[in-house]
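Reader: Got a minute to walk me through this one? I'd like to go piece by piece.

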Amino acid sequence: MGLKWDAVDLDKGIVTVREARVVAGREVITTSTKNKTERPVPVGPEVIADLMALKMAQDIEAKDFGPNYNPEGLVVVNEVGEPIRPETYSGWFEKHTEAAGLPKIRLHDLRHTAASLLASQGVPIIIASELLGHDPQIFTKVYADLYPEDLKQAASTLTNLYTGAA
């Protein structure tokens, strides 16, 4: 929610995480990241295409609305350039997941899903944790959940190693 357009490099496919927008009481505040450091995150061509389309739509909206459109330069704004409250965005996410017939999860739970998928695909923990902006120990302890099929695959690998060594 705190991503600004000046932190998006559409040519290089890099999004730099610098700030977060969070609810504190009744206010929304902008803070630095938890570890107070910037983190460049490479994103795929599909994400870049979506960001380009969003930027073009916002440029049109800015022409229609005038000089007061999105003065902070945020990526996530409504059609008149106002920041969207984090809890509003979370509510939209909840409605979309329900409409899609998915289990009820929080928006933040997507970090857990991403971590688990990366671990399941064999992405080294040091790389996956860096991508998600976490210490490797926190990544494995909090975010990356095991999938039952991965445990079965690991057991099968161990069995194959055992029987092949005999």
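Author: Sure. Keep in mind that this is a predicted model. Let's start with strand β5, residues 39-42. One face of β5 is covered and carries Arg39 and Val41. The uncovered face carries Pro40 and Pro42.

Reader: Why do the residues split like that?

Author: In a regular strand, side chains alternate between the two faces of the sheet.

Reader: OK. Which strand does β5 pair with, and how many bridges join them?

Author: Its partner is β2, residues 14-17. The two run antiparallel and are joined by 4 bridges. One of the pairs is Val15 with Val41 of β5.

Reader: What sheet does that belong to?

Author: An open sheet of 3 strands, in the order β1-β2-β5. The pairing is antiparallel. β1 (8-9) and β5 are the edge strands. Each has a single partner strand, so one side of each lacks a neighbour in the sheet.

Reader: How many bridges between β1 and β2?

Author: There are 2, again in the antiparallel sense. Val8 has Val15 in β2 as its bridge partner. So Val15 turns up in two pairs: with Val8 and with Val41.

Reader: Next topic. What do β3 and β4 form?

Author: A hairpin, with 2 residues between the strands. β3 covers residues 19-24 and β4 covers residues 27-32. They pair antiparallel over 6 bridges.

Reader: Which residues face each other across it?

Author: Among them, Ala24 is bridged to Glu27 in β4. Arg21 is bridged to Thr30 in β4.

Reader: And the turn?

Author: Gly25 sits there, with a positive phi of about 70°.

Reader: Is there a non-glycine with positive phi too, and which one?

Author: Asn70, at about 50°. It lies in the loop between α1 (45-65) and α2.

Reader: Is Asn70 buried or exposed?

Author: Asn70 is buried, because its relative accessible area is 10% and the cut-off for buried is under 20%.

Reader: What about Glu87? Where does it lie?

Author: In helix α2, residues 86-99. Glu87 is partly exposed, with a relative accessible area of 39%.

Reader: How far is Glu87 from Gln137?

Author: Their C-alpha atoms are 29 Å apart. Along the chain, Glu87 and Gln137 are 50 residues apart.

Reader: Last bit, the helices. How do α3 and α4 cross?

Author: α3 is residues 109-120 and α4 is residues 125-132. Their axes come within 10 Å and cross at roughly 160°. That makes α3 roughly antiparallel to α4, since angles over 145 degrees count that way. The crossing is right-handed.

Reader: Which residues meet there?

Author: From α3, Arg111, Ala114, Ala115 and Leu118. From α4, Ala128, Leu131 and Leu132. By type, the contact has 6 nonpolar residues, no polar ones and 1 charged.

Reader: Which one is charged?

Author: Arg111, in α3.

Definitions and conventions. Residues are numbered from 1 along each chain as its sequence is written. This is a predicted model: local features need pLDDT of at least 70, side-chain atom pairs count only at pLDDT 80 or more; totals for chains, interfaces and linings use all residues. Side-chain values use heavy atoms; hydrogens and water are left out. Axes are lines fitted to C-alpha atoms, for helices over the stretch in contact, and angles run from 0 to 180 degrees between N-to-C directions. Angles under 35 degrees count as roughly parallel, over 145 as roughly antiparallel, 65 to 115 as roughly perpendicular and the rest as oblique. A crossing is left-handed if the near helix is turned anticlockwise from the far one by less than a right angle, and right-handed if clockwise. Contact means heavy atoms within 4.5 Å. Two strands pair if DSSP finds at least two bridges between them. Buried means under 20% relative accessible area, exposed over 50%, partly exposed in between (1.4 Å probe, protein chains only).
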